[in-house]
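Let's walk through this fold together, starting with the sheet and then turning to the helices.

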Amino acid sequence: MRTIVITGGTDGIGKGLGLHYLGRGDRVVVVGSDPDKGRRFLEEAAAIGSGERAAYIRADLSLVAENRRVVAEIARSHPVVDALVLAARYYRSTRGETAEGIEHNFALFHLSRHLFSHGLADRLEAAERPVILNLAGPGTDLSAMNWDDPQFTRDYRPDRVMAQCGKLSDLGGVAFTAAHPGTRIRYVLAHPGLTATGFTGDYSEADAALVAGMHDRGQPVDAAVDMLRRHLDDPDPEPLSAYMQHTKIDVDGAPFDPAAARRLADITAAVLSGIGQPV
Ligand SMILES: NC(=O)c1ccc[n+]([C@@H]2O[C@H](COP(=O)([O-])OP(=O)(O)OC[C@H]3O[C@@H](n4cnc5c(N)ncnc54)[C@H](OP(=O)(O)O)[C@@H]3O)[C@@H](O)[C@H]2O)c1
């Protein structure tokens, strides 16, 4: 029985993957902020006879302290983690900061992924074939990085912010493999294609209309789960790989520049130390 941890596992693709692996006999721990979604996940797990292997942890993963609490809780109760799926997302039409003073997207899409992947690395190393699956939008140009103002204190535009979120995942993946030389953990970046999910977020009227159209055009969650599960069952042998739906992307190219990954790692360390949290 494998143990699979899924951030954002209470809705959309994360939930679909969670229920899939429960159905296959694995143990699944999901993390999300809305307790109603958590309860529904556990009810659905029970309905397929997997209640004993399902766990829900309530946490606001835009808060660094909450990420640390949950990572510590998982590490305490699970000596081995076979797979970590990073799937928490929240769309914001307008800029906001967390109670820790971090721009929300930078916190949820980047710091949470950073803290979970590095924080659970030793538990993953203990698994037979460990994998981190980061659901993102890999391979876009490095110009998506707003280096001078990564938390968009000026000129917040959701499309630019979302593009940077994908880039943060790419560079976070490069930084992870660089920080863990010789690791057995396979880090996979994957874009599943437009999928009709919860599209969790806080939308302006105009953005809400756009997202309703996306929901109509999106593939069903089951199709995304079918596409993604191969990365969890049989990841590519390289430490880092990236997929745009079924198409493999070269991770040695400019969008995955190691120097840019180091630059982001430095920014990440500075942000974390700025709020009194160790890197
Ligand atoms: N859907 C697509 O078309 C698409 C395309 C490309 C990539 N992706 C990527 O695939 C992943 C899953 O997307 P999705 O569309 O399936 O998402 P979704 O249905 O909107 O679900 C988002 C999940 O994130 C959790 N979440 C949001 N804010 C959180 C917070 N502050 N703390 C903890 N959990 C939080 C939500 O739970 P709570 O509401 O309980 O907090 C929910 O479980 C994301 O990484 C997304 O970027 C999706």
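Two strands count as paired here if DSSP finds at least two bridges between them. Keep in mind that this is a predicted model. With that rule in hand, look at β9 (residues 240-244) and β10: they run antiparallel and are joined by three bridges. Within that pair, Tyr 243 sits opposite Lys 248 of β10.

Now zoom out to the whole sheet. It's an open one with eight strands and mixed pairing, ordered β3-β2-β1-β4-β6-β7-β9-β10. The edges belong to β3 (54-58) and β10 (247-249); each has a single partner strand, so one side of each has no neighbour in the sheet. On average, and ignoring direction, neighbouring strands are turned by 20° against each other.

Helices pack on this sheet too. Helix α2 (residues 35-47) touches β2 (27-32) and β3, and its direction makes about 180° with that of β3. Then there's α6, which touches β6 (131-135), β7 (186-191) and β9, with its direction at about 170° to that of β7.

Besides the sheet, what does α6 (residues 158-179) come within 10 Å of, axis to axis? That's helix α4 (residues 104-119), and the two axes cross at roughly 15°. Angles under 35 degrees count as roughly parallel, and α4 and α6 are therefore roughly parallel to each other. Their crossing is right-handed. On the α4 side the contact includes Phe 106, Phe 109 and Arg 113, while α6 brings in, among others, Met 162, Leu 168 and Phe 176. Sorted by class, this contact has eight nonpolar, six polar and one charged residues.

Methods: Residues are numbered from 1 along each chain as its sequence is written. This is a predicted model: local features need pLDDT of at least 70, side-chain atom pairs count only at pLDDT 80 or more; totals for chains, interfaces and linings use all residues. Side-chain values use heavy atoms; hydrogens and water are left out. Axes are lines fitted to C-alpha atoms, for helices over the stretch in contact, and angles run from 0 to 180 degrees between N-to-C directions. Helices (H or I, at least four residues) and strands (E, at least two) are DSSP runs, numbered from the N terminus. Angles under 35 degrees count as roughly parallel, over 145 as roughly antiparallel, 65 to 115 as roughly perpendicular and the rest as oblique. A crossing is left-handed if the near helix is turned anticlockwise from the far one by less than a right angle, and right-handed if clockwise. Contact means heavy atoms within 4.5 Å. Ala, Val, Leu, Ile, Met, Phe, Trp, Tyr, Cys and Pro count as nonpolar, Asp, Glu, Lys and Arg as charged, and the others, Gly among them, as polar.
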